[in-house]
Amino acid sequence: MTITRSLPGILFRSDPREREVPLVFDSPHSGTEYPDDFDHTCPRHVLRTAEDTYVHELYAAAPAHGATLIGALFPRSYIDANRHVGDIDAALLAEPWPHPLNPGVKTKMGMGLIRRLAVPKLPVYSRKLGIAEVQARIDRYYHAYHVELASAADRLHARFGGVWHVNCHSMKSVSNGMAAEGPGVPRVDFVLGDRDGSTCAPELTTFVRDFLTKRGYDVRINDPYKGVELVRRHGRPRDNRHSLQIEVNRKLYMDEERFERNANFPRLKSDLDALVGALATFVRERARAG
Ligand SMILES: [Zn+2]
């Protein structure tokens with residue numbers, strides 16, 4: 001796999017090894033390189049529960065199938081690439097934010113662009129953040145990630161007349177008090193999100209659901225996760241730009257207490273290798289010859 005770390009600590013990109021297809025996977029939340037200036041005061045092991053640890057490894061087969069894989073190296077708790085740039089909690093800041101604010105539902109639960117709570121009732125910081133440090137995170141990390149993903153998608157769309165984007169995440173096996181469905185609810189194996197059918201052609205969602213269901217997994221669609229900023233930005237099915245979020249249950253691949261891969265990791269990875277291959281064929285059948 002050709003891994004480009006053109007922006008150390010920020011993101012990686014793995015380019016296709018085989019015949020290229022207009023298929024892009026991105027993993028915005030699996031980064032584990034905590035920047036020196038993070039200065040959080042909650043314990044690191046609690047903060048790490050925000051990571052989608054190892055998710056980029058689950059989709060590592062992408063380049064061998066002609067697809068592109070992009071992932072954040074920075075942790076999502078430092079700045080979350082899957083939020084609107086104005087999704088900022090004013091309560092975090094030492095000074096008024098100089099740009100328009102657009103706080104969403106997740107921000108009120110402590111999980112905005114810059115995370116306020118590590119888990120329910122546990123603040124990430126014991127201080128207020130300055131405007132300059134938040135702006136630096138946006139400029140260096142958030143924008144860098146979005147530019148990399150958008151430039152890959154735009155290049156493929158120009159070459160093939162369409163682009164298919166899979167936004168890769170994982171979810172805790174049981175919800176906590178910051179989850180939409182409330183605390184203590186066990187998750188199914190996979191949740192696919194297309195923002196109620198608005199970010200991709202329905203055939204993409206159906207294809208992925210049927211593939212996973214045939215392999216024995218429980219799959220739900222848009223319940224409880226519909227997809228957030230990355231699929232919203234990249235999914236414009238009328239322009240032949242399709243974007244689907246996939247959330248996988250962490251119990252299928254990791255020990256959530258120790259942050260280690262579990263014994264089932266190879267089985268899930270093998271099923272996702274097959275999914276990536278099937279998606280590459282799906283895309284090849286629908287794209288213009290490049
Ligand atoms: Zn995620």
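**Burial and overall shape**

I started with burial: 54% of the 290 residues in the chain come out as buried. Worth jotting down right away that I'm working from a predicted model. For the exposed side of the ledger, I get about 12100 Å² for the chain, with carbon and sulfur atoms supplying 52% of that area.

Next I pulled the secondary structure, which gives 7 helices and 12 strands. The radius of gyration is 18 Å, close to the 19 Å from the globule rule for 290 residues, so I'm noting the chain as being as compact as a globular protein of that length. The C-alpha trace spans about 55 × 40 × 35 Å along its principal axes. I also looked at how far contacts reach in sequence: taking those between residues at least 6 apart, 77% join residues at least 24 apart.

**Nonpolar core**

Which residues touch the most other members of the largest nonpolar core? I find Leu 23, Phe 25, Tyr 59 and Phe 190, out of 80 residues in that core. Helix 4, residues 131–160, contributes the largest share, 12 residues. A reminder to myself: in soluble globular proteins, nonpolar side chains tend to be buried together.

I then listed the contacts of Leu 23, skipping neighbours within four places in sequence. The partners include Ala 67 and Thr 68, then Leu 156, Trp 164 and Val 166, and further along Val 276, Leu 279, Ala 280 and Val 283.

**Zinc site**

What coordinates the zinc ion? I see His 29 through ND1, Asp 52 through OD and His 169 through ND1, at 2.0 to 2.1 Å. The sequence spacing of these donor residues reads H-x22-D-x116-H. His 29 sits in the loop between strand 3 (23–27) and helix 1 (44–47), while Asp 52 is in the loop between helix 1 and helix 2 (55–58), so this pair ties together parts 23 residues apart in sequence.

Are these two buried or exposed? His 29 has 1% relative accessibility, which counts as buried. Asp 52 also has 1% and also counts as buried. Both fall under the 20% cut-off for that label.

**Salt bridges**

Searching the whole structure, I get 27 salt bridges. I picked out three to look at.

Glu 148 pairs with Arg 13, with the closest N and O atoms 2.7 Å apart. Glu 148 is in helix 4 and Arg 13 in strand 2 (residues 11–15), so the bridge ties together parts that are 135 residues apart in sequence. I have Glu 148 down as buried at 12% relative accessibility, and Arg 13 as partly exposed at 23%.

Arg 137 and Glu 133 also meet in a salt bridge, at 3.8 Å from N to O. They are 4 residues apart in helix 4, about one helical turn. Arg 137 is buried, with a relative accessible area of 1%, whereas Glu 133 is partly exposed at 24%.

The last one I checked is Asp 239 with Arg 236, at 3.3 Å from N to O. Asp 239 counts as partly exposed at 40% relative accessibility, and Arg 236 gets that label at 38%.

Then I looked for bridges that share partners. Asp 39, Arg 127, Glu 133 and Arg 137 are joined into one network this way, which puts the Arg 137 and Glu 133 pair from above in it.

Conventions
Residues numbered from 1 in each chain as written. Predicted model: local features only at pLDDT ≥ 70, side-chain atom pairs only at ≥ 80, totals over all residues. Heavy atoms only, no water. Donors = N, O, S within 2.8 Å, 3.2 Å for Na, K, Ca; no water. Helix = DSSP H or I, 4+ residues; strand = E, 2+ residues; numbered from the N terminus. Buried < 20%, exposed > 50% of the residue type's maximum accessible area, 1.4 Å probe, protein only. Core = buried A, V, L, I, M, F, W, Y, C linked by side-chain atoms within 4.5 Å. Contact = heavy atoms within 4.5 Å. Rg over C-alpha atoms; globule rule 2.2 N^0.38 Å. Areas by Shrake-Rupley, 256 points an atom, 1.4 Å probe, with all protein chains shown as cover. Salt bridge = Lys/Arg side-chain N within 4 Å of Asp/Glu carboxyl O.
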